Amino acid sequence: MKHDAPRPGHDSARKAPPVPRLEIRNLSRSFGGQLVVDNVSLKVMPGQVTCLLGPSGCGKSTTLRMIAGVEMQDAGEIHVDGNLICDTVFRVPPERRHIGLMFQDFALFPHLTVGENVGFGLKGAAEAKRARVEELLGKVGLLRFIDEYPYSLSGGEQQRVALSRALAPRPRIMLMDEPFSGLDNRLRDDIRDETLDVLKAEDAAVLLVTHEPEEAMRMADEIALMRDGRIVQQGAPYNVYNAPADKQSVAFFSDINVIRGTVRGALTETPFGQFLAPGVPDGAEVDIVIRPQHIKLDLDRGGRGPSPTAQDGVAARGEVVRARFMGAESLVEIRMDYDGSILKATVPNVFLPAPGKPLWLMIRRDRCFVFPATD
Ligand SMILES: Nc1ncnc2c1ncn2[C@@H]1O[C@H](COP(=O)(O)OP(=O)(O)OP(=O)(O)O)[C@@H](O)[C@H]1O
């Protein structure tokens, strides 16, 4: 009997789904009756960076501390490579979790050289240790400082030594809590990029806590947006930015403008034309949310504005309150004729119309988010 030849890709199609390096399931923690981490679940794959992003006090650090094992959860489980390492009964101690830690206030040992700092957590033969230290210092461009003491290094260089020290024992997981916030802006961008290269090369699963959207957008393969102890949205940076879960999620990444309307027959009528509000009952209010860069400005033509278009809808008139040059763009604030509210628009380069100048505004319909009004 003739056997069919195996089809290309047949084996891989049957492979089990990849196991996350780190998975937390339904993690919760209260302090003094206050729930600060509320049923948080997430997965991080090897070689991936997930940013836990949210405002100060939303429970990011507490989540990280539970994963590190220095804080106990009230409920939930932590798995590494598919193995349970901690629930409310069973607990692998922090030092046996193979987790690297890097925090904002990292401290190098001042009495040890750079090389000794990096090799501090390493076990085994001196030669192998030395090779690993040299490998990492080479990767972060600091090999020449191997026999220097930390005090002779700049803040950025010390940060890179701390990163090397955390990575030296080849942790399966790296937890980083606002690791770049002690550095000045220009330096920070370079160090972030370098750190990302090193982390990717080491294939660790990285969970990085930050309250800065730009940092998360720059570093993350996935962003988990956290608010009041909960993850409100999780996904690739592009998706979290462009398909936000709610009004606050839009506002966390940028300034926003909000235009309120009432729904009739799944449509809401506004001074900028009609907007679809599918699934919202008649009489309910919706917020149309638009970022300043998606408002288009046009000049007044003797009391008339541009003609309506399918993409931009109807134009509405207002008068400039103030305009400021921000570097790469100008920010213009306009008081709208229809209700006296102020809308913000950003325009590339220099556009500084005088206060009182009439302008017509259109809003990019494809860039609007329509949410049921919440307040
Ligand atoms: N050991 C503790 N005892 C009591 N309350 C705590 C403890 N640790 C954290 N909290 C509280 O839990 C809440 C969440 O704190 P957490 O540090 O996790 O937030 P965060 O999002 O990391 O904020 P930040 O960026 O400011 O550090 C805060 O209100 C904090 O005061």
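Which residue with a positive phi follows H4? In this predicted model, the residue is Gly141, and its phi lies near 70°. The helix that precedes Gly141 is described below, after the overall architecture of the chain.

The secondary structure of the chain amounts to 9 helices and 20 strands. The chain has a radius of gyration of 26 Å, well over the 21 Å given by the globule rule for 375 residues, and is therefore more spread out than a compact globule. Along the principal axes, its C-alpha atoms fill a box of roughly 85 × 70 × 60 Å. Of the 375 residues, 31% are buried. When contacts between residues at least 6 apart in sequence are considered, 65% of them join residues at least 24 apart.

The ligand is surrounded by Phe31, Val36, Gly54, Ser56, Gly57, Cys58, Gly59, Lys60, Ser61, Thr62 and His211. By residue class, this shell divides into 3 nonpolar, 7 polar and 1 charged. Helix H2 provides the largest share of the shell, with 3 residues. Within H2, which comprises residues 60–68, the buried positions are Lys60, Thr63, Leu64, Met66 and Ile67. These buried residues cover an arc of only 160° around the axis, which places them on the same side of H2. Lys60 thus appears both in the shell around the ligand and among the buried residues of the helix. Just after H2, Gly69 adopts a positive phi of about 95°.

Helix H4 spans residues 126–139; at 1.5 Å a residue, its 14 residues should extend over 20 Å, in agreement with the 20 Å between its end C-alpha atoms. Its buried residues are Val133, Leu136 and Leu137. Because they cover an arc of only 100° around the axis, these residues lie on the same side of H4. An α-helix has 3.6 residues a turn, so residues three or four places apart point the same way. The buried residues of H4 pack against helix H3 (114–119) and helix H5 (155–167). On the other side of H4, Glu127, Ala128 and Ala131 are exposed.

Helix H6 shows a corresponding division into buried and exposed positions. For the 18 residues of H6, a rise of 1.5 Å a residue predicts a span of 26 Å, and the end C-alpha atoms are indeed 26 Å apart. Arg188, Ile191, Thr195 and Leu199 are the buried residues of this helix. They cover an arc of only 70° around the axis, which puts them on the same side of H6. Their packing partners are strand E3 (49–53), H5, strand E7 (173–177) and strand E8 (205–210). Helix H5 accordingly appears among the partners of the buried residues of H4 and of those of H6.

The face of H6 turned away from its buried side carries the exposed residues Arg186, Asp190, Asp193, Asp197 and Ala201. Asp197, located in H6 (residues 185–202), is exposed, with 12 other C-beta atoms within 10 Å; a residue counts as exposed if there are 12 or fewer. The C-alpha atom of Asp197 is separated by 19 Å from that of Phe103, and the two residues are 94 residues apart along the chain. Just after H6, Asp203 takes a positive phi of about 65°.

Terms used:
Residues are numbered from 1 along each chain as its sequence is written. This is a predicted model: local features need pLDDT of at least 70, side-chain atom pairs count only at pLDDT 80 or more; totals for chains, interfaces and linings use all residues. A residue is buried if 20 or more other C-beta atoms lie within 10 Å of its own, exposed if 12 or fewer, and partly exposed in between; C-beta atoms are placed from the backbone. Helices (H or I, at least four residues) and strands (E, at least two) are DSSP runs, numbered from the N terminus. The arc is that of the directions from the helix axis to the C-beta atoms. The radius of gyration is taken over C-alpha atoms; the globule rule is 2.2 Å times the number of residues to the power 0.38. Two residues are in contact if their C-beta atoms, placed from the backbone, lie within 7 Å. A residue is near a molecule or strand if its C-beta atom, placed from the backbone, lies within 6 Å of it. Ala, Val, Leu, Ile, Met, Phe, Trp, Tyr, Cys and Pro count as nonpolar, Asp, Glu, Lys and Arg as charged, and the others, Gly among them, as polar. The expected span of a helix is 1.5 Å times one less than its number of residues.
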